[in-house]
Protein chains: 2
Amino acid sequence: MELISSTKSFGGWLKRYKHESLSVKGEMTFAIYLPPQAESQSVPVLYWLSGLTCSDENFTQKAGAFRKAAELGLAIVCPDTSPRGTDYPGEHDSYDFGSAAGFYLNATVAPYSNTYHMYDYVVQELPHLVEANFPVTDKRSISGHSMGGHGALICALKNPGHYQSVSAFAPIVNPTDCPWGEKAFTGYLGEDKSTWQEWDASLLIANAKERLPLLVDQGEADNFLVEQLKPEALEAACDAAGHPLTLRRQPGYDHSYFFIASFIDEHLEHHAKALEL
Amino acid sequence: MELISSTKSFGGWLKRYKHESLSVKGEMTFAIYLPPQAESQSVPVLYWLSGLTCSDENFTQKAGAFRKAAELGLAIVCPDTSPRGTDYPGEHDSYDFGSAAGFYLNATVAPYSNTYHMYDYVVQELPHLVEANFPVTDKRSISGHSMGGHGALICALKNPGHYQSVSAFAPIVNPTDCPWGEKAFTGYLGEDKSTWQEWDASLLIANAKERLPLLVDQGEADNFLVEQLKPEALEAACDAAGHPLTLRRQPGYDHSYFFIASFIDEHLEHHAKALEL
C-alpha cells in the first residue's frame, strides 16, 4: 500500500491509498476514514460503495458523514467503482459501462473477465487488506448509492455472516430489469440471462440464507426512480419472502449527494446499532 | 433572476440563480440555502465568501453546513468569487488573479475597473436582491475561507452595523504583505500601495468603528500558513487596538474543506447567537 494523502477531519484522519490488487490484476485506490477512537482501540468498518461516474472521493467530500462517524467511533472505507488501469475497446466511452461502472460483480465476458472482479475485490480482498493494516475489528457493515446500493445489497445477500448490517440510498434493486443493469450485465456477463440472476438483489431475496434487515432511502424526486431504480421490485420480493425491509420514500429529494447527506446520519446510526457501538 | 436548480437538502432547499448584476455589469451566479423554517417565517442570512479557484458550489457541496443551518433556521448565501463574463488579457491564466480570484474589492485599474466590483456586489447588491426576493430578514452575518476569509473580515470591518457577526477560516489577514495579496492588489489597485490599505483586515483593525468579535479558525498543517495567511498579523493588530479576537490554531488541519467541515457547526452557532436564533 502506498499512502496518497492524509487529511485531518473531525479529529480523525481521512487517508487515501493505492495498492496492487490481485482481484482486478492492477492498481486500485481506496479511502479510509479513521475516527479519533482508532488511535486507542480497534473500530468496526462501514464499506461504502459509490455509484456510476464516481471514485473513492465523492462520498468523502460530499456526504458529510465524518462528523457522525467520529462521534460513533466508526471507520468508513470507500473503494473506487471499477478497475482503472486498462484500455479495452469502449471501456471509457460511456458513463454507465466500463470505467467507473464496474457494478460490483465478477465479469465473465472477455476482455472484462480479465480484470473487472469488483465483487471479489470489495467482499474479500479489500476487507483483508484493511483488517491487516489498520486498527479495525472484523465487524463490517455495508452501504452504497445507486449502482453502489445494488452492490451493497448483493454483497450482503450473497454473504451471510459477513456483514452486521446493510443499507442503501436509491439502489438499483432489480438490474436484470432496467436499462442500466441490462447494458452492464450484457457487457460483463453475456447474453445468457440465467447468469444474471445471482447479481440481482430482488431475485436474491427469495433464497437468502440470512435475513438482515434492509434500510433503504429513496428520493421521490429522483430522475431515475421510474426507469432505473424501481424500489417496488425490492418491496414485492421482500413481501413475498418475509424479508425485513424499511423502505423510506423521501418526498422532494433527488438522486444527488444532497439527498445522501440529509439521511446519512440515520444510516450510520442503523449500522452503529448492529455493530454494537 | 433565473432559477438554475432547486435541490432539497435537510428539509430545506438549495437554490442556484443567475442574474444580471449592476455592480459587475454582467451575469452573476449565486446559491441560497433556505432552511425549512423559511417556509413559514423570515430567517436571517449568513453570507459565505469562498476562496481562490472556487465558485458558489464548493461550500454547498463540501462544507456539510446545511444540517446545522436547518436546525438553527439560518439561510446561507454563497456568491461566486469573481465576475465571469469577460475575457481580459490574462484574466483566466492564473489561479490567483482574475476569474475566480476577485478578492472582494472594487478594482481601480483598467480593464478590471470596468467589472471587478465584487465588494459592491457582496456588500450591497446581493443583500438587496436576496432581501427583496426571499423570506429573509435584514439581519446578516458573514464568513468565508482564505481569500473569502479576507473578504468577510474587510466587509465587516468597513461596514459597521451591516453585519451582526463575522468569522473566517484560514483567512488572508494581511494581503498587503503576502504574495497572493500583493499580486492581486497590484493588478486590481495599481502600484500605489497607499490605496491598498483600505482592503487589508489587519490594517483596518486600528480604526474600526465597530468592534465585532472576530472568530478565526486556522489549521496548523495548512500549506499556506507561513507565507500567505500569517494570522499573527491579525493577532498583533487586534492586541494593539483592543479588538476582540478568538483565534483558534487547530493542530493537524490543512487548508481544505475537510477542515472547514470539521468546525463549520461552531461557526454557525457563533453567528446564530449574534442573530438571536
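Q: Accessible areas here come from the Shrake-Rupley method with a 1.4 Å probe. On that basis, what share of the accessible surface of chain A belongs to carbon and sulfur atoms?
A: The structure is a predicted model. In it, the accessible surface of chain A comes to about 10,100 Å². The part of this surface that belongs to carbon and sulfur atoms is 48%.

Q: What radius of gyration does chain A have, beside the value for a compact globule?
A: Chain A has 277 residues, and a compact globule with that number would have a radius of gyration near 19 Å. The C-alpha atoms of chain A fill a box of roughly 50 × 40 × 35 Å along the principal axes. The radius of gyration of chain A agrees with the globule value, at 17 Å.

Q: Of the residues of chain A, what percentage count as buried?
A: Chain A has ten helices and nine strands. Among its contacts between residues at least 6 apart in sequence, 71% join residues at least 24 apart. A residue is buried when its relative accessible area is under 20%. Of the 277 residues of chain A, the buried share is 62%.

Q: Which helix of chain A gives the most to the largest nonpolar core?
A: In soluble globular proteins, nonpolar side chains tend to be buried together. The largest nonpolar core here has 95 residues, and among those that touch the most other members are A:Phe30, A:Ile76 and A:Tyr188. The helix that gives the most to this core, with eight residues, spans residues 118-133 and is α4.

Q: Which leucines does A:Ile76 touch, leaving out residues up to four places away in sequence?
A: A:Ile76 belongs to the residues that touch the most other members of the largest core. With those sequence neighbours left out, its contacts include A:Trp48, A:Phe59 and A:Phe66. The leucines in the list are A:Leu46 and A:Leu268.

Q: Which residue in the turn between β1(B) and β2(B) has a positive phi?
A: Strands β1 (residues 2-9) and β2 (residues 12-21) of chain B run antiparallel and are joined by seven bridges. Within this pair, B:Leu3 stands opposite B:Tyr17. The two strands form a hairpin with two residues between them. The turn residue with a positive phi, of about 50 degrees, is B:Phe10.

Q: What kind of axis relates chains A and B?
A: Chain B can be laid on chain A with an RMSD of 0.0 Å by a turn of 180 degrees and a shift of 0.0 Å along the axis. The two copies are therefore related as by a two-fold rotation axis.

Note on methods: Residues are numbered from 1 along each chain as its sequence is written. Chains are lettered from A and ligands numbered from 1 in the order in which they are written. This is a predicted model: local features need pLDDT of at least 70, side-chain atom pairs count only at pLDDT 80 or more; totals for chains, interfaces and linings use all residues. Side-chain values use heavy atoms; hydrogens and water are left out. Two strands pair if DSSP finds at least two bridges between them. Helices (H or I, at least four residues) and strands (E, at least two) are DSSP runs, numbered from the N terminus. Copies are superposed by least squares on the C-alpha atoms of residues with pLDDT of at least 70 in both. A nonpolar core is a set of buried Ala, Val, Leu, Ile, Met, Phe, Trp, Tyr and Cys residues joined through side-chain atoms within 4.5 Å. Buried means under 20% relative accessible area, exposed over 50%, partly exposed in between (1.4 Å probe, protein chains only). Contact means heavy atoms within 4.5 Å. The radius of gyration is taken over C-alpha atoms; the globule rule is 2.2 Å times the number of residues to the power 0.38.
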